[in-house]
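User: I am new to this structure and would like a close look at one part of it. Please start from a single residue and then walk me through its surroundings.

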Amino acid sequence: MCGGGPVTTDSRAGGTAQQSALRPHAEDAFADELRALAAADDRPRPERWRLSPWAVSMYLLGGELPAGGPGGGTVITPKYVGPRRLVEVAVSTLATDRALLLLGVPGTAKTWVSEHLAAAVSGDSTLLVQGTAGTAEEAVRYGWNYAQLLAEGPSRAALVPSPVMRAMAEGRTARVEELTRIPADVQDSLITVLSEKTLPIPELGEEIQAVRGFNLIATANDRDRGVNELSSALRRRFNTVVLPLPETAEAEVDIVARRVDQLGRSLDLPASADGAAEIRRVVTVFRELRDGVTADGRTRIKSPSGTLSTAEAISVVTGGMALAAHFGDGVLRAGDVAAGVLGAVVRDPSSDRVVWQEYLEAVVRERDGWKDFYRACREVSA
């Protein structure tokens with residue numbers, strides 16, 4: 001190979017998967033699992049689905065394909081650790097004409113689940129509208145190539161389709177992230193798409209009709225209620241699935257450990273032999289401050305203003321692994337995660353710092369086996 005850097009090709013354009021992408025799309029990162037599932041999947045599939053609903057659920061929840069058949073013995077890694085029934089309801093919703101709304105507090109894997117659902121159903125998770133306060137109607141419907149529009153007037157050639165329009169025309173799954181952050185009038189442009197399964201183009205006197213296989217997954221943060229509340233007309237077009245926080249500490253530790261391992265490998269960070277102990281401590285701190293009570297139920301404590309989500313725990317531990325790898329001996333210790341924990345807890349310096357100091361002195365200081373964590377946290381909190 002010649003040149004100054006690696007050459008990568010988009011797999012959806014017919015080349016190889018992107019090998020140097022910092023975060024490959026789900027359909028690229030887990031291509032082997034998707035191929036094995038497709039080979040072994042002999043159940044009925046909705047039109048234009050890559051997998052049957054049963055296989056999509058297995059892809060999300062994990063399992064092992066039976067030995068002796070196509071893809072036999074392939075281990076499917078869990079993408080979501082949570083109630084099976086929620087995944088089954090989400091998948092079955094996509095097999096109907098109802099759109100899916102994934103709702104939950106920050107850090108409950110809404111975006112992660114949305115991406116993997118689209119990858120398993122359509123083989124393409126990139127038909128994405130990212131919701132912000134500045135999202136315009138063109139991002140949901142269509143826009144124009146203005147140079148061509150001025151030169152030739154309105155035409156199909158001058159039209160720039162949105163991800164939603166492309167999904168309708170191709171029978172794929174579109175995704176809308178942070179739906180409640182999109183202005184209300186832009187949100188409502190989805191009503192005709194979801195109810196009539198058409199997208200009018202009045203400038204051309206035409207419309208795009210959705211073909212079989214089209215559906216839409218939206219995510220919303222239930223702490224954003226009141227930002228741009230969904231209209232009742234739009235909400236009726238969705239089947240809502242609420243993704244909860246992990247029910248137990250063990251489940252949350254498992255989630256954090258799995259994601260940290262995946263991220264560590266993608267970043268070429270060496271595995272830490274003793275990382276499990278620090279992961280458990282980070283999860284314990286986050287759960288106790290989130291719940292307002294210690295794990296044994298004996299001590300009531302104040303909760304900070306932040307969410308202290310599972311996603312933030314993953315970020316704290318990953319940052320600690322980078323510290324241990326590049327500025328330590330590669331073993332994850334309390335000093336590697338202390339600064340990350342402080343940054344996650346103390347979002348409002350005036351109030352959260354008091355909450356954190358009280359928790360350190362009343363809980364962490366008195367806990368057996370936590371002296372090193374207490375000292376490390378005191379050092380970064382000083």
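Where is L308 found?

Analyst: Happy to walk you through it. Please keep in mind that this is a predicted model. L308 is found in the loop between α13 and α14. With a relative accessibility of 0%, this leucine counts as buried, because buried here means under 20%. Its backbone deserves a look too: the phi of L308 is near 50°, which is a positive value in a residue other than glycine. As general background, most residues other than glycine have a negative phi.

The loop that holds L308 has another residue to visit. G297 also has its place in the loop between α13 and α14. Unlike the buried L308, G297 is partly exposed, with a relative accessible area of 49%. If you would like a sense of distance, pick out S122: its C-alpha atom and that of G297 are separated by 46 Å, and the two residues are 175 places apart along the chain.

Now let us follow the two helices that flank this loop. Both α13 (275–291) and α14 (310–327), together with α5, are packed against by the buried residues of α12. Those buried residues of α12 are E252, V253, I255, V256, R259, V260, Q262 and G264. As for its length, α12 covers residues 249–266, 18 residues in total. At 1.5 Å a residue it should span 26 Å, and its end C-alpha atoms are indeed 26 Å apart, so the two values agree. Just after α12 comes D268, which takes a positive phi of about 60°.

α12 and α14 also meet in another setting, the largest pocket. This pocket holds about 780 Å³ of space. It is lined by 33 residues, and the closest to its centre are G107, T108, A109, W112 and A311. Two or more lining residues come from each of α5, β10 (215–221), α12 and α14. Of these, α12 gives the most, with six residues. Sorted by class, the lining has 15 nonpolar, nine polar and nine charged residues.

One of the residues closest to the pocket centre, A109, makes a good companion to L308. A109 is not a glycine either, yet it has a positive phi of about 70°. A109 sits in the loop between β3 and α5. While L308 is buried, A109 is partly exposed, with a relative accessible area of 26%.

From the pocket lining we can step to β10. This strand is mostly covered, with seven of its seven residues buried. Both of its faces are covered: N215, I217, T219 and N221 lie on one side, and L216, A218 and A220 on the other. Strand β3 (residues 99–104) runs parallel to β10 and is joined to it by five bridges. Within that pairing, L103 stands opposite A220. Strand β7 (residues 173–177) pairs with β10 as well, again in the parallel sense, over four bridges. Here T173 stands opposite N215.

Another strand pair gives you a contrast in direction. β8 (residues 198–201) and β9 (residues 206–209) run antiparallel and are joined by four bridges. P200 has E207 in β9 as its bridge partner. Four residues lie between the strands of this hairpin, where G205 takes a positive phi near 65°.

Let us return to α5, which we met in the pocket lining, and look at enclosed space. The count comes to two cavities of 30 Å³ or more. The second largest cavity has a volume of about 60 Å³. Its lining is made of L60, Y80, L86, V87, A90, L102, V113, L117, V241 and L243. α4 (84–94) and α5 (110–122) each supply at least two of the lining residues, and the largest share, three residues, comes from α4. In class, the lining is made of ten nonpolar residues, with no polar and no charged ones. The lining of the largest pocket, in turn, includes nine polar and nine charged residues.

One last stop is R367, in the loop between α16 (349–364) and α17 (371–381). R367 counts as buried, at 18% relative accessibility. Leaving aside neighbours within four places in sequence, R367 is in contact with T284, E288, T294 and Y359.

To come back to your starting residue: L308, in the loop between α13 and α14, is buried, with 0% relative accessibility, and has a positive phi near 50°.

Conventions: Residues are numbered from 1 along each chain as its sequence is written. This is a predicted model: local features need pLDDT of at least 70, side-chain atom pairs count only at pLDDT 80 or more; totals for chains, interfaces and linings use all residues. Side-chain values use heavy atoms; hydrogens and water are left out. On a 1 Å grid over the protein atoms alone, a cavity is a set of points where a 1.4 Å probe fits but cannot get out, and a pocket is an open set with protein on both sides within 12 Å along at least five of seven lines; lining residues have an atom within 4 Å of a point. Grid points are joined across faces, edges and corners, and a volume is the space filled by probe spheres set on the points. Ala, Val, Leu, Ile, Met, Phe, Trp, Tyr, Cys and Pro count as nonpolar, Asp, Glu, Lys and Arg as charged, and the others, Gly among them, as polar. Two strands pair if DSSP finds at least two bridges between them. The expected span of a helix is 1.5 Å times one less than its number of residues. Buried means under 20% relative accessible area, exposed over 50%, partly exposed in between (1.4 Å probe, protein chains only). Contact means heavy atoms within 4.5 Å.
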